[in-house]
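Please open the structure in your viewer and keep the selection panel within reach. We will go from stop to stop, and at each one you will be told what to select and what is there.

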Amino acid sequence: MEKEMSETLVRTGPGTKMGALMRRYWVPILSSSEIAEPDGPQVRVQIMGEKLIAFRDTEGRPGLVGEFCSHRGVSLFFARNEENGLRCSYHGLKFDRNGKCVDVPSAPQVCDRMSITGYPCVERAGLVWAYMGPPDKMPAPPELEWATLPESHVYISKRLQECNYLQAMEGGIDTAHVSYVHKYEVDNDPMHRGTRALEYIKADGNVIFTIEKQPFGLSMFGRRNGDEDTFYWRVTQWLFPWFTLIPPFGEHVLGGHAWVPIDDHSCWAWSINFHTDKPLSEQERSDLQQGRGIHCEYEPGSFRPKANKDNDYLIDRVAQREKRAYSGIFGFSVQDASLQESMGPIQNHEAERLLPTDKAIVMARRMLYEAANGLEQGIEPPALNATMQHVRAAGVLLDRNADPLAWAREHLADATNQPVYSI
């Protein structure tokens, strides 16, 4: 990838092309539980290079505002959260959840010019989402399937990933790696074990891809040999600008990710599991809380994985040799993160040599790049209509003569009216 394109894609701070594009979509900011109590402790948040404060006001409404007081730049992390606003502890200026200054004790007449940044927030699926773009361009709130379900049906975690969002998200787009880095652990993982899909994946590592550009992003069709007269198709979905949906396994929970930049060198990797039509069982929720499946264990008191770059991700060369962990690292999310972080905080895209299995990554990059440049020229971004998010991933056996793209248009475009297709 050429340097100019790479620089456009990886830079998301204020004033950048990609930053402007991403701010046109609703952003998952933090879990509602992180600001659980009205007038409770506020939380520092950094998103796309912006330092912010999240809090819940007296009436229970979430707020997201700039971190620093407009008077002398004091961090509002040290403010008092009371009476529907944050009051700076230095000189008493008070800001509501929209960033509006509502009180300047020493000079009430200047309130109007002392306001700070404030972003609209909504809550979906136990997350606080914010819109950080132009107020007159705000789209409808997110309608991803997992974001519209009862909280009993969904489990969501986040982890710190210490690299640029792009190389992290590309791991979610790339399904070819499942036959390698996750090869051994899937047999025992409670979100994958005991399914026919594993047999097909392990038997045929030479996946062949067909990619279809969609109004919402990309549908990626990975073909492996199925039975004598069928192919096994895994349909992965990438939705603008940072969501991926994982093809399901058997009757296990469905899954997905969101990859949200913290800054240019780190991102939040949100991991989502859900059932469309029933609550998670006690055993499923317990497994997920313990870091099984696409989740992880943390360093105490943080969202940083327990296995991280400072301890070489707890690599176990014996387990690697004994074929218990393909890379010697355990846990799907950490297996991926270890390889993606090993590229450096920002991958050297000019040095990469891509393969045919990278077609989806190339297309996603091009779509993001064109959308970012188009927005600068006044062209509206794609997939702003939330109804475009009514899509689902799938795993399916089809006759070898069947057209998987035609099948997907009929069965996956409006997920809420379809059964889950899984093997």
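What follows is a short tour of a predicted model.

**Stop 1: a three-stranded sheet**

Begin by selecting strand 1 (26-31), strand 10 (121-124) and strand 11. These 3 strands make an open sheet, ordered 1-11-10, with antiparallel pairing. At its edges lie strand 1 and strand 10, each of which pairs on one side only. Turn the view to compare directions: on average, neighbouring strands of this sheet are turned by 35° against each other, direction ignored.

Now keep strand 1 and strand 11 (residues 127-131) on screen. How many bridges join strand 1 to strand 11? There are 5 bridges, and the two strands run antiparallel. To see one pairing position, show valine 27, which has alanine 130 of strand 11 opposite it.

As background for this stop and the next, strands of a sheet pair through backbone hydrogen bonds, either parallel or antiparallel.

**Stop 2: from strand 15 to strand 17**

Next, select residues 230-239, which are strand 15, together with residues 243-246, which are strand 16. The pair forms a hairpin, and 3 residues lie between the two strands. Their pairing is antiparallel and extends over 3 bridges. Label tryptophan 238, and you will find threonine 244 of strand 16 opposite.

Add residues 254-263 to the selection to bring in strand 17. Strand 16 is joined to strand 17 by 4 bridges, again in an antiparallel run. Which residue of strand 17 is the bridge partner of leucine 245? The partner is glycine 256.

**Stop 3: asparagine 308**

Move on to the loop between helix 5 (282-289) and helix 6 (317-321), where asparagine 308 has its place. Is asparagine 308 buried or exposed? Its relative accessibility is 3%, and because buried means under 20%, asparagine 308 counts as buried. Show the surroundings too: leaving aside neighbours within four places in sequence, asparagine 308 is in contact with Glu299 and Tyr313.

**Stop 4: helix 7**

Finish by selecting helix 7, residues 332-341. Of its 10 residues, 9 are buried, so helix 7 is largely enclosed by the rest of the structure. Colour the buried residues to see them along the helix; among them are Phe332, Val334, Asp336 and Glu341. Ser333, Gln335, Ala337, Ser338 and Gln340 are also buried.

What do the buried residues of helix 7 pack against? Add strand 12 (154-161) and helix 3 (165-173) to the view, since these are the elements they pack against.

Definitions and conventions. Residues numbered from 1 in each chain as written. Predicted model: local features only at pLDDT ≥ 70, side-chain atom pairs only at ≥ 80, totals over all residues. Heavy atoms only, no water. Pairing = 2+ DSSP bridges. Buried < 20%, exposed > 50% of the residue type's maximum accessible area, 1.4 Å probe, protein only. Contact = heavy atoms within 4.5 Å. Axes fitted to C-alpha atoms, helices over the stretch in contact; angles between N-to-C directions.
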